[in-house]
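This report looks at a pocket, a surface patch and a few individual residues of one protein model. The sequence and structure come before the discussion.

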Amino acid sequence: MTPLRLGLAASGWLALLATALPDAAPVRVAVVTAFLLVCPGLAALLALRPGARPVRGGHPAGALEAALLTLVLGLALATLVAVALFLGGVFTATRSLLVLAVLTSVLALLPGRRVAASVAGWER
């Protein structure tokens, strides 16, 4: 288990802990926003492409692709969780954050799978 995966698994619980701070406290806003934008998407990306990293050939396209995919996956997961909770009639910000923290922890702690050495420009 890498430190990145352990940090991702703990990040949601840290964001949930930050909700104990007063409303609109700068630290609370920063921690929760950073978690929502980065952590669920990065955990999903690591679960989908374990051990893969962008090819480094002097062109930042691989890193930009990974960053954009992380952001989009994170926003998609947050949207899906919010819609599911709204449709169930039980939406609160804390519940949404709790579900995302559990999902992020599960995705981050999934055991790594072996993938092909080169898939669509990615290498291990």
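The text below treats the pocket, then a salt bridge, then the nonpolar patch, and ends with a glycine.

The coordinates belong to a predicted model, and side-chain atom pairs are counted only at pLDDT 80 or more.

The second largest pocket has a volume of about 180 Å³, and its lining is made up of Thr-19, Arg-28, Val-32, Leu-36, Ala-78, Ala-82, Phe-91, Ala-93, Thr-94, Ser-96, Leu-97 and Leu-100. Three helices, H2 (26-48), H3 (61-87) and H4 (93-109), each contribute at least two residues to that lining, and H4 gives the most, with 5 residues. In chemical terms the lining residues of this pocket divide into 8 nonpolar, 3 polar and 1 charged.

Arg-28, one of the residues that line the second largest pocket, also takes part in a salt bridge, in which its side chain meets that of Asp-23 at 2.8 Å, N to O. The count of salt bridges in the model comes to 1. Side chains of opposite charge can pair when their charged atoms come close. The two partners are described by their accessibility as follows: Arg-28 counts as buried because its relative accessibility is 19%, and buried means under 20%, whereas Asp-23, with a relative accessible area of 66%, is exposed.

On the surface, Leu-37, Val-38, Leu-68, Leu-71, Val-72 and Leu-75 make a nonpolar patch of about 470 Å². Helices H2 and H3 each supply at least two residues of the nonpolar patch, with the largest share, 4 residues, coming from H3. Leu-71, which is a member of the patch and lies in helix H3, has a relative accessibility of 32% and therefore counts as partly exposed.

What is the accessibility of Gly-41, and does this residue count as buried or exposed? Gly-41, placed in helix H2, has a relative accessibility of 0%, so this glycine counts as buried. Its C-alpha is 9.3 Å from the C-alpha of Ala-67, although Gly-41 and Ala-67 are 26 residues apart in sequence.

The table collects the accessibility values discussed above.

| Residue | Relative accessibility | Class |
|---|---|---|
| Arg-28 | 19% | buried |
| Asp-23 | 66% | exposed |
| Leu-71 | 32% | partly exposed |
| Gly-41 | 0% | buried |

Key. Residues numbered from 1 in each chain as written. Predicted model: local features only at pLDDT ≥ 70, side-chain atom pairs only at ≥ 80, totals over all residues. Heavy atoms only, no water. 1 Å grid on protein atoms, 1.4 Å probe; cavity = no way out; pocket = protein on both sides within 12 Å on 5 of 7 lines; lining within 4 Å. Points joined across faces, edges and corners; volume = space filled by probe spheres on them. Nonpolar A, V, L, I, M, F, W, Y, C, P; charged D, E, K, R; others polar. Patch = residues over 30% accessible without salt bridge, like charges linked within 9 Å, V, L, I, M, F, W, Y side chains within 5 Å. Areas by Shrake-Rupley, 256 points an atom, 1.4 Å probe, with all protein chains shown as cover. Salt bridge = Lys/Arg side-chain N within 4 Å of Asp/Glu carboxyl O. Buried < 20%, exposed > 50% of the residue type's maximum accessible area, 1.4 Å probe, protein only.
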